[in-house]
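Have a look at this one with me. We'll take it a few questions at a time.

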Amino acid sequence: MLLKEYRICMPLTVEEYQIGQLYMISKHSHEQSDRGEGVEVVQNEPYEDPTHGQGQFTEKRVYLNSKLPSWARAVVPKIFYVTEKAWNYYPYTITGENCSFLPKFSIHIETKYEDNKGSNDNIFDNELKEQEREVCFIDIAYDEIPDRYYKDSEDLRYFKSEKTSRGMLQEGWRDTQDPIMCSYKLVTVKFEVWGLQTRVEQFVHKVVRDVLLLGHRQAFAWVDEWIDMTLDDVRNYERKMHEKTNIKVCHEQQEHSTTNPSSLDDIQIHDKAST
């Protein structure tokens, strides 16, 4: 088991990021879906939990074979997807993930959002129950991003929002930025297979970190596109983008499955949050 806490600050408020997060996830999923891979949205609807209150339930299929490292592609079918079920109770989310194809593999994520610069060291006291964890700060402006994801327009060292006048983040920006918020994510990865455990757990955490870095960069880089939206506006945008993305992904999958039949059993990931 490998446990890490990620802290990602942004020049936004928690209230603003509720809109930005939904916008970013929908647009990002559409951009990353191509050639039969990406995110197919099966269900997206309001959901009420007796403990956490009103939230949103989303079920997705994520096709990602080409994104796996070569050593992983060697042991999974050509048509490889996970089923993701998400419950988002913003500003609190819980994620539990498992994979029927790899029964000893699981990911657990808890997320909390606060209006501070990542200074709350006790935010997960109840969840940790005295477990030790590594704390990792992610700098959306200065941390290195994989070359395949880099875009000049999303380089936050040089980007400045026209509508909010925020941006062009300088070294040490977390200490001077106002407003500022932090996404706190407690991520536990387990892969209890002798000989592969350390390698797989470290690889999954690297993927998680890259996804968090890219997603939060984009949420702010696209701020002028969503800052004037209401929650209803972004839900409408979300629905339209899901329809467009499904067309991109499902059409290619249908063609592929017609020419390349597969007996793959569903691989399920039960996700109780949008990360």
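Contact here means heavy atoms within 4.5 Å. One thing to keep in mind: this is a predicted model.

Q: Is Arg166 buried or exposed?
A: Arg166 sits in the loop between β7 (134-138) and β8 (181-191). Residues count as buried under 20% relative accessible area. Arg166 comes in at 15% relative accessibility, so the label is buried.

Q: Which residue offers a backbone oxygen that the side chain of Arg166 reaches?
A: Leaving out residues up to four places away in sequence, Arg166 touches several others, among them Leu12, Glu16, Phe159 and Phe220. Pro11 is on that contact list too. At 3.0 Å, the backbone oxygen that the side chain of Arg166 reaches belongs to Pro11.

Q: How many residues apart in sequence are Arg209 and Asp143, the pair that meets in a salt bridge?
A: Side chains of opposite charge can pair when their charged atoms come close. For Arg209 and Asp143, the N to O distance is 2.8 Å. Arg209 lies in helix α4 (residues 197-221) and Asp143 in the loop between β7 and β8, so the pair ties together parts whose separation in sequence is 66 residues.

Q: How do the residues lining the second largest pocket divide into nonpolar, polar and charged?
A: This pocket holds about 200 Å³ of space. Its lining includes Gln18, Leu22, Tyr89 and Arg235. The elements giving two or more residues to that lining are α1 (14-32), β3 (53-63), β4 (81-89) and α6 (231-259). The lining splits into five nonpolar, six polar and one charged.

Definitions and conventions. Residues numbered from 1 in each chain as written. Predicted model: local features only at pLDDT ≥ 70, side-chain atom pairs only at ≥ 80, totals over all residues. Heavy atoms only, no water. Helix = DSSP H or I, 4+ residues; strand = E, 2+ residues; numbered from the N terminus. Buried < 20%, exposed > 50% of the residue type's maximum accessible area, 1.4 Å probe, protein only. Polar contact = N/O pair within 3.5 Å; in protein donor to acceptor, adjacent residues only side chain to side chain. 1 Å grid on protein atoms, 1.4 Å probe; cavity = no way out; pocket = protein on both sides within 12 Å on 5 of 7 lines; lining within 4 Å. Points joined across faces, edges and corners; volume = space filled by probe spheres on them. Nonpolar A, V, L, I, M, F, W, Y, C, P; charged D, E, K, R; others polar. Salt bridge = Lys/Arg side-chain N within 4 Å of Asp/Glu carboxyl O.
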